[in-house]
Amino acid sequence: KTGAIHIFDRRGTPLRALPVPGRSVFGPELSIAGDGAVLVQPDPTSPDSAFLQLSAEGTPPLARQLPARFICPNLATGGSWGVNGAEITEFRRDFTVVKRLLRRLDGRWLWGIGHAVAGLDGSLAVASIDSDEAKEWELNVFSADGIGQKSVRMPKDADGRTFAYDGRRVVYWQGGAIRIRTLSDGKVLDFLPEDLRPFSILPMKIAAAGRELWMLDPARWLVLRFEMP
């Protein structure tokens, strides 16, 4: 009946485990404002489920009702992004609402959000997947203050529901390999570490200030760390 958030230092040494009510813990990787606090959603299937805010020291969690399906940190403002299927909410540090984003860069409605990741500069990369039959999907990038910056068409076989982003690059699975795309010039690098099985779609995150790519392999209970090329 209880899950846990595990906290490690930069070298991967376990520091502490924070108990969380509910076995299904959603979004445990999201730190807020860089102070070590995390927001988790114990039951993502319930529309009334509150996010629990936990401090890095493990003090009792504080429940917060937020209009969001999941939360991403905005490291530039100290606030956060709340993401739903058709809109994004920008929060201040105290979780009051700054603004709501409803449209893409070209003015179309922002809907069909499959995944969103915050960069180190506070920007947000959002995957808009119109339908399962669409030949492409769209990656929309918003600045830390909620201004549309870039829109990139991505091929359908590129996985839009599991990707990493650091403010400059987006890392995604395509054709059994990992691809690293620099958004400024569109340059793409292929990257397939030897320790990974082809076609194993794993959640990933750019970490260590952009120097490492981390992946979660739930089948082997491993966090895999790779140096970014």
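The paragraphs below lead from the chain as a whole to its sheets and then to a group of charged side chains.

This is a predicted model, in which local features need pLDDT of at least 70 and side-chain atom pairs count only at pLDDT 80 or more, while totals for chains, interfaces and linings use all residues. Residues are numbered from 1 along each chain as its sequence is written, and side-chain values use heavy atoms, with hydrogens and water left out.

The chain contains zero helices and 21 strands, where helices (H or I, at least four residues) and strands (E, at least two) are DSSP runs numbered from the N terminus. Of the 229 residues in the chain, 45% are buried; here buried means under 20% relative accessible area, exposed means over 50%, and partly exposed lies in between, with a 1.4 Å probe and protein chains only. The chain exposes about 12,100 Å², and carbon and sulfur atoms supply 54% of that area, as computed by the Shrake-Rupley method with a 1.4 Å probe, where for residues only the protein chains shown count as cover. Among contacts between residues at least 6 apart in sequence, 35% join residues at least 24 apart, a contact being heavy atoms within 4.5 Å.

Strand β4 (residues 37–40) is a good place to begin with the strands. In a regular strand the side chains alternate between the two faces of the sheet. In β4, Ala-37 and Leu-39 point one way and Val-38 and Val-40 the other way, and all are buried. This strand pairs with β5 (residues 51–54) in the antiparallel sense over three bridges, where two strands are said to pair if DSSP finds at least two bridges between them. Within this pairing, Val-38 stands opposite Leu-54 in β5.

Further along, four strands form an open sheet in the order β11-β12-β13-β14, with antiparallel pairing. Strands β11 and β14 stand at the edges, each with a single partner strand, so one side of each is left without a neighbour in the sheet. From one strand to the next, the twist averages 20°; the axes behind such angles are lines fitted to C-alpha atoms, for helices over the stretch in contact, and angles run from 0 to 180 degrees between N-to-C directions. Strands β13 and β14 are joined in the antiparallel sense over seven bridges, and in this pair Leu-139 stands opposite Val-152 in β14.

Another open sheet of four strands has the order β15-β16-β17-β18, again with antiparallel pairing. Its edge strands are β15 (158–165) and β18 (188–191), each of which pairs on one side only. Neighbouring strands of this sheet are turned by 30° against each other on average, direction ignored. Inside it, six bridges join β16 (residues 169–174) to β17 (residues 177–182), which run antiparallel, and Tyr-172 stands opposite Arg-179 in β17.

The charged side chains add another kind of link. The structure holds nine salt bridges, each being a side-chain nitrogen of Lys or Arg within 4 Å of a carboxyl oxygen of Asp or Glu. In one of them, Arg-108 meets Glu-138, with the closest N and O atoms 2.6 Å apart. This pair links distant parts of the chain, since Arg-108 lies in the loop between β10 (97–101) and β11 (113–118) and Glu-138 in strand β13 (residues 136–142), 30 residues apart. Arg-108 counts as partly exposed at 33% relative accessibility, whereas Glu-138 is buried, with a relative accessible area of 3%. Glu-138 also forms a salt bridge with Arg-153 (3.1 Å, N to O). Because Glu-138 lies in β13 and Arg-153 in strand β14 (residues 148–155), the pair ties together parts that are 15 residues apart in sequence. Arg-153 is partly exposed, at a relative accessible area of 35%. A network of salt bridges links Arg-104, Asp-106, Arg-108, Glu-136, Glu-138 and Arg-153.

Asn-140 also belongs to strand β13, and it is buried with a relative accessible area of 1%. Its side chain makes a polar contact with the side chain of Glu-138 (3.4 Å); a polar contact is a pair of N or O atoms within 3.5 Å, where within protein one must be able to donate a hydrogen and the other to accept it, and residues adjacent in sequence count only if both atoms are side-chain atoms. Leaving aside neighbours within four places in sequence, Asn-140 is in contact with several residues, among them Arg-104, Leu-110, Val-126 and Lys-150.
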